[in-house]
Amino acid sequence: MSRWVACFSGALGWEASERRYQLPPPRRGSALGREKTREPTPTILGFFKGMSFPIASIAVVNSVLFGVYSNALLALTATSHHERRLQPPSYTHVFIAGCTGGFLQAYCLAPFDLIKVRLQNQTEPRARQGGPPPRYRGPVHCAASIFQEEGPRGLFRGAWALTLRDTPTLGIYFVSYEWLCRQATPGGQNPSSTTVLVAGGFAGITSWVTATPLDVIKSRMQMAGLEQREYQGLLDCMVSSARQEGLGVFFRGLTINSARAFPVNAVTFLSYEYLLHLWG
Ligand SMILES: CN(C)C(=N)NCCC[C@H](N)C(=O)O
């Protein structure tokens with residue numbers, strides 16, 4: 001039980017805005033480009049757009065991830081959290097447990113991720129007097145609209161890309177964390193808080209560095225239904241994105257992902273270790 005509760009810690013780790021993955025604006029001269037549109041004045045609030053839903057859902061996401069990871073490790077090694085300090089699990093076991101957590105988390109929570117991406121990509125200004133209302137009025141309205149307009153399968157748009165992104169990268173995430181902790185901790189002892197913070201931060205960066213290319217593709221596929229743009233699949237999305245925007249497209253958002261990953265994952269692991277210690 002404690003393993004699942006511990007993962008509430010993730011409430012601190014909201015996802016960065018996905019607007020960086022938007023497709024380039026229509027070229028000058030295109031029908032859309034010629035339309036006279038009044039751009040809303042950007043405000044600081046734009047950075048926080050659509051954050052309430054990610055904050056609420058990240059607790060669930062991390063509960064599933066860390067819960068499955070801990071239970072998979074328990075099943076593989078037959079040792080409790082405390083015993084593992086004296087008998088550390090092999091990196092293969094850590095990797096398999098991390099991949100299992102990543103796979104189940106991605107598969108079960110794909111609709112939440114889709115809603116988050118759609119809400120964060122809304123470009124309409126907040127409803128003003130006389131102005132157009134935003135397309136989605138909130139998470140429930142967003143889910144209902146996707147269901148109506150794109151069918152039940154629409155809610156799982158991009159789910160494969162999300163699963164492919166999360167399965168190996170979460171294995172890497174937990175292996176990096178374990179490896180860094182072991183380097184800085186004498187055998188048989190618990191890692192210090194500083195070690196946990198630093199190892200968690202770097203584990204977050206490592207996982208995002210490996211995840212960013214598929215993260216870009218996943219977000220594009222999730223937005224495709226809304227932008228009246230269909231990809232034939234993951235490969236088609238990869239090839240057409242690279243053709244139009246060059247290989248750099250796969251690393252879009254890498255700097256911001258990494259800058260965000262350090263503090264978020266440092267705190268996530270510290271809370272996880274602390275709660276395991278308390279209830280484990
Ligand atoms: C897709 N990737 C790289 C990950 N999910 N990595 C694990 C970090 C999870 C954390 N909630 C975060 O958002 O950084």
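Here are three short exercises, with worked solutions, on a predicted model.

**Exercise 1: Two helices crossing**

Work out how helix α3 (residues 52–77) is oriented relative to helix α7 (residues 159–184), and which residues meet.

*Solution.* Start with the axes: those of α3 and α7 come within 12 Å and cross at roughly 65 degrees. Angles of 65 to 115 degrees count as roughly perpendicular, and α3 and α7 are therefore roughly perpendicular to each other. Next comes the handedness, and this crossing is right-handed. Now look at the side of α3, where Leu65, Phe66 and Tyr69 meet Leu170, Tyr173, Phe174 and Glu178 of α7. Sorted by class, the residues of this contact are 6 nonpolar, no polar and 1 charged.

**Exercise 2: Another helix pair**

Decide which orientation class fits the packing of helix α8 (residues 193–224) and helix α10 (residues 254–279).

*Solution.* First, read the geometry: the axes of α8 and α10 lie 6 Å apart, at an angle of about 140 degrees. Roughly antiparallel needs an angle over 145 degrees, so α8 is oblique to α10. The contact of α8 with α10 has 15 nonpolar, 8 polar and 3 charged residues. Finally, α8 and α10 cross in a right-handed way.

**Exercise 3: Where two domains meet**

Describe the contact between domain 1 (51–123 + 135–188) and domain 2 (192–279).

*Solution.* Begin with the centres, taken over C-alpha atoms: 11 Å separate those of domain 1 and domain 2. Then count the residues in the contact: 32 come from domain 1 and 31 from domain 2. Turn to area: about 2,700 Å² is buried between the two domains, with 68% of it given by carbon and sulfur atoms. Last, find the main contributors: Arg165, Tyr173 and Tyr177 supply 25% of the area that domain 1 buries against domain 2, more than any other three residues.

Technical notes. Residues are numbered from 1 along each chain as its sequence is written. This is a predicted model: local features need pLDDT of at least 70, side-chain atom pairs count only at pLDDT 80 or more; totals for chains, interfaces and linings use all residues. Side-chain values use heavy atoms; hydrogens and water are left out. Axes are lines fitted to C-alpha atoms, for helices over the stretch in contact, and angles run from 0 to 180 degrees between N-to-C directions. Helices (H or I, at least four residues) and strands (E, at least two) are DSSP runs, numbered from the N terminus. Angles under 35 degrees count as roughly parallel, over 145 as roughly antiparallel, 65 to 115 as roughly perpendicular and the rest as oblique. A crossing is left-handed if the near helix is turned anticlockwise from the far one by less than a right angle, and right-handed if clockwise. Ala, Val, Leu, Ile, Met, Phe, Trp, Tyr, Cys and Pro count as nonpolar, Asp, Glu, Lys and Arg as charged, and the others, Gly among them, as polar. Domain bounds come from an automatic or database domain assignment. Buried area is the accessible area (1.4 Å probe) that two parts lose on being put together, summed over both. Contact means heavy atoms within 4.5 Å.
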